[in-house]
Amino acid sequence: MIKDASVQRVLEAARIEDVISGYTSLRKRGVTFSGLCPFHQEKTPSFSVNADKGLYYCFGCGAKGDVITFVREMEHLDFVGAVEPHTTGPAEFAQWYHDVPGVNMAFPYTISLADDGHGTFGFSSDAFFPIDGKGFGNEGLAHNFHFTTEVHTTFKYKGGEIFRFTGDDDLWLFINGKLAIDLGGLHPQLSSEVNLDAKAAELGIVKGGTYKMDIFHAERHTEDSNFKVETTIDCFIIG
Ligand SMILES: [Zn+2]
């Protein structure tokens, strides 16, 4: 803990980006700096420092505060002797997809799939920011990067369908309540597809049947937000 008042005054006068640069290398992006989070293990940056406001925030683990908080947390970690993730667990994860007062809120949003004329329906955005300025606001960044997306629909399984998702950060696709695509974790843009015929037995689906499709997506980085869906499923049943 910082007890020495003179240390406290020095820190208050210090530039937050200079202090944090002593622990992780930061890259300037406008008024904000980004880098690998010193509080949790990660390979791509989700740690953001707002130099104007003197605040840091990690979109991966939720660590946040000012320069005093930062040093205190780092000292605590040094004292404990280990850098461990400290917010990600089942309870926090459950909050991502449930409305919790003071933590998150829900906004309905329409994702329209466009017909390419060759039997493929798609939605593609390399700047998927559906809640800019909403919720708790953009937190000093150009976009509101801190959101999750849920899609719940039903479709008729005719045979031969493909569903492909491309995006950054987490995505889980469930068909008939079974995990069909698992792109969990922080990562740059990745693709994964499910061939319904190949997975029919595993998913417990039979041609001609109507099944639930549930998509859970989480945006966590403060860089890009890619969200791309391509599918040959031509019959989503609305409602
Ligand atoms: Zn973190």
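Trainee: Which residue in S2 is the bridge partner of arginine 29?

Mentor: In this predicted model, strand S1 covers residues 26-29 and strand S2 covers residues 32-35, and the two pair in the antiparallel sense over four bridges. Further along this pairing, arginine 27 stands opposite serine 34 in S2. For arginine 29, the bridge partner in S2 is threonine 32.

Trainee: Which residue takes a positive phi in the hairpin of S1 and S2?

Mentor: The hairpin has two residues between its strands. One of them has a positive phi near 65°, and that residue is glycine 30.

Trainee: Which strands stand at the edges of the open sheet that contains S1 and S2?

Mentor: This open sheet has five strands with antiparallel pairing, in the order S1-S2-S3-S4-S5. Neighbouring strands in the sheet are turned by 20° against each other on average, direction ignored. An edge strand has a single partner strand, so one side of it is left without a neighbour in the sheet; the strands in that position are S1 and S5 (64-66).

Trainee: What is the order of the strands in the open sheet that includes S14?

Mentor: The edge strands here are S6 (114-115) and S12 (190-195), each of which pairs on one side only. S6 is joined by two antiparallel bridges to strand S7 (residues 121-125), and in S7 the bridge partner of aspartate 115 is phenylalanine 121. The pairing in this sheet of five strands is antiparallel, and the order is S6-S7-S14-S9-S12.

Trainee: How many residues does the largest nonpolar core have?

Mentor: In soluble globular proteins, nonpolar side chains tend to be buried together. Here, the residues with the most contacts inside the largest core are Ile20, Cys37, Val49, Tyr56 and Cys58. The elements that give two or more residues to this core are helix H2 (16-21), strand S3 (47-50), strand S4 (55-58) and helix H3 (67-80). The number of residues in the core is 17.

Trainee: Which residues are in contact with valine 49, leaving aside its neighbours within four places in sequence?

Mentor: Valine 49 is among the residues with the most contacts inside the largest core. Leaving aside the neighbours within four places in sequence, its contacts are Ile16, Glu17, Ile20, Leu26, Thr32, Phe33 and Tyr56.

Trainee: What percentage of the residues in the chain is buried?

Mentor: The chain has five helices and 15 strands. Among contacts between residues at least 6 apart in sequence, 60% join residues at least 24 apart. Of the 239 residues in the chain, the buried share is 26%.

Conventions: Residues are numbered from 1 along each chain as its sequence is written. This is a predicted model: local features need pLDDT of at least 70, side-chain atom pairs count only at pLDDT 80 or more; totals for chains, interfaces and linings use all residues. Two strands pair if DSSP finds at least two bridges between them. A nonpolar core is a set of buried Ala, Val, Leu, Ile, Met, Phe, Trp, Tyr and Cys residues joined through C-beta atoms within 7 Å. A residue is buried if 20 or more other C-beta atoms lie within 10 Å of its own, exposed if 12 or fewer, and partly exposed in between; C-beta atoms are placed from the backbone. Two residues are in contact if their C-beta atoms, placed from the backbone, lie within 7 Å. Axes are lines fitted to C-alpha atoms, for helices over the stretch in contact, and angles run from 0 to 180 degrees between N-to-C directions.
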